[in-house]
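Visitor: I should like a close look at one loop of this model and at the parts of the chain to which it leads. Could you begin there and work outwards?

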Amino acid sequence: MAKSPEEEHPQKAFGWAARDTSGILSPFRFSRRENADDDVTIKVLYCGVCHSDLHSAKNEWGFTNYPIVPGHEIVGVVTKAGKNVEKFKVGDRVGVGVIVGSCMKCETCDQDLENYCPRTIFTYNSLNHDRTKTYGGYSDTIVVHHRYVLRFPDNLAPDAGAPLLCAGITVYSPMKYYGMTEPGKHLGVAGLGGLGHVAVKIGKAFGLKVTVISSSPGKEDEAVKRLGADSFLLSSDPAKLKAAMGTMDYIIDTVSAVHALAPLIGLLKLNGKLVTVGLPDKPLELPIFPLVLGRKLVGGSDIGGVKETQEMLDFCAKHNITSDIELIRMDYINTAMERIAKSDVRYRFVIDVGNSLTQ
């Protein structure tokens, strides 16, 4: 007979979980494995609220295994370190992102691309090597193999820095891989949300000219005056779109709703690159003629490996880049989820787990 979540492992844990497709979260007692020789036990202080947490809580992608404790933008302090752990000690400030495991022996793992490993273990809604479920950062503690733990820079705010563990690496990795970092080049950022606003900041830190592409005219002041973009392009204005055709070297598309790719491809110069990181729930139509006639590239990217995520955190610390956040208590999470569904957040909720998660 299967053990209950509370009896599965020796260490008692407490968090908030969704139990069905309503996505409503409520207090949940469960357990974590004992800290092994290669493990780090972390007291969770802050956890960002990613849009994928909402998708997963409501089973909108079709593979949620309830009960689910979301959260993969975790910042905390080490409370235990196994005897084989050399990088971390008790009291260190650390981060945990989207993944907590992989096979550690395939070609992608050997290249520090654990996020593309066929046996990637996600921080929540996944299965550990022992076939027990993973539970995320909407909780008081988490146990993680040290390979997947990140050193969180001292000069990076732990609350506003937490979303970088997903949103930050999601935009940083494709910019590095696809060569979208040459100073003076023109970057378009499609969509100004949790991902897009970080892409603007990282793009500027790379020395790029940055244009925000959005269908919401009300976001122009935020994009230019608050976030530091060089310009704003209203994608719902055909005349402005036409005037901007062929002016951009790169576009990073963060839009997660179904949308047309043709206008974005049209904005690219010869040899331009469009990289998509949003995850619409239906296929998008990809016109081939403008790709062929303009020698343009369309690509995708999914977070980054642990080494590159550490590189991203250090880069953001050097350039003073954090997410713009609204800090919330744990018991506000259901209201926060409702607001995320309506895009009513600028630009990321972060749960003050350490001060508000009470049993």
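Guide: S343 lies in the loop that runs between helix 11 and strand 17. The model is a predicted one, and every value below is computed from it. S343 has a phi near 55 degrees, a positive value in a residue that is not glycine. With a relative accessibility of 52%, S343 counts as exposed, because the cut-off for that class is over 50%.

A second backbone feature belongs to this loop. Y347 is also placed between helix 11 (333-341) and strand 17, and the peptide bond that joins R346 to Y347 is cis, with omega about -5 degrees.

From the loop one may pass to strand 17 (348-351), which is among the elements that cover the buried residues of helix 5. Others in that cover include helix 4 (167-177), strand 10 (186-190), strand 11 (209-214), strand 13 (248-253) and helix 10 (306-318). Helix 5 is largely enclosed by the rest of the structure, because 10 of its 12 residues are buried. The buried set consists of G194, L195, G196, H197, V198, A199, V200, K201, I202 and G203. The dimensions of helix 5 (residues 194-205) also fit expectation: at 1.5 Å a residue its 12 residues should span 16 Å, and the end C-alpha atoms are 18 Å apart, which agrees. Just after helix 5, G207 takes a positive phi of about 90 degrees.

A record places these parts in a wider frame. In an unreviewed entry, UniProt lists residues 23-351 as "domain: Enoyl reductase (ER)". Over residues 23-351 the chain is 26% helix and 26% strand, and the C-alpha atoms at the two ends are 17 Å apart.

Next come the internal spaces. Searching the whole structure gives 2 cavities of 30 Å³ or more. The largest cavity holds about 140 Å³ of space. It is lined by 13 residues, of which R32, R33, N128, T134 and V143 are the closest to its centre. Strand 2 (25-32) and strand 8 (141-145) each supply at least two residues of that lining, and strand 8 provides the largest share, 3 residues. By class, the lining of the largest cavity has 5 nonpolar, 5 polar and 3 charged residues.

The second largest cavity has a volume of about 90 Å³. Its lining is formed by G97, V98, I99, Y148, L150, L165, I169, I303, G304, G305, V306 and T309. These residues divide into 8 nonpolar and 4 polar, with no charged residue.

One pocket also deserves mention. The second largest pocket contains about 200 Å³ of space. Among its 13 lining residues, R33, I121, N128, H129 and H145 lie closest to its centre. The lining of the second largest pocket has 5 nonpolar, 5 polar and 3 charged residues.

Strand 2, already met at the largest cavity, is also where F28 is placed. F28 counts as buried, because its relative accessibility is 7% and the class covers values under 20%. Leaving aside residues up to four places away in sequence, F28 touches P5, A13, F14, G15, W16, A17, R19, P67, V69 and Y135. The C-alpha atoms of F28 and S301, which are 273 residues apart along the chain, are separated by 33 Å.

One of these contacts, P67, leads to a further cis bond: the peptide bond from Y66 to P67 is cis, with omega near -5 degrees. P67 is located in the loop between helix 1 (51-57) and strand 4 (74-81).

To return to the feature with which this tour began, M104 is a further non-glycine residue with a positive phi, here of about 65 degrees. M104 lies in the loop between strand 6 (99-101) and helix 2 (107-110). M104 counts as partly exposed because its relative accessibility is 34%, whereas S343 counts as exposed at 52%.

Technical notes. Residues are numbered from 1 along each chain as its sequence is written. This is a predicted model: local features need pLDDT of at least 70, side-chain atom pairs count only at pLDDT 80 or more; totals for chains, interfaces and linings use all residues. Side-chain values use heavy atoms; hydrogens and water are left out. Helices (H or I, at least four residues) and strands (E, at least two) are DSSP runs, numbered from the N terminus. The expected span of a helix is 1.5 Å times one less than its number of residues. Buried means under 20% relative accessible area, exposed over 50%, partly exposed in between (1.4 Å probe, protein chains only). Contact means heavy atoms within 4.5 Å. On a 1 Å grid over the protein atoms alone, a cavity is a set of points where a 1.4 Å probe fits but cannot get out, and a pocket is an open set with protein on both sides within 12 Å along at least five of seven lines; lining residues have an atom within 4 Å of a point. Grid points are joined across faces, edges and corners, and a volume is the space filled by probe spheres set on the points. Ala, Val, Leu, Ile, Met, Phe, Trp, Tyr, Cys and Pro count as nonpolar, Asp, Glu, Lys and Arg as charged, and the others, Gly among them, as polar. UniProt positions are given in the numbering used here, feature names are shortened, and annotations may be inferred rather than shown by experiment.
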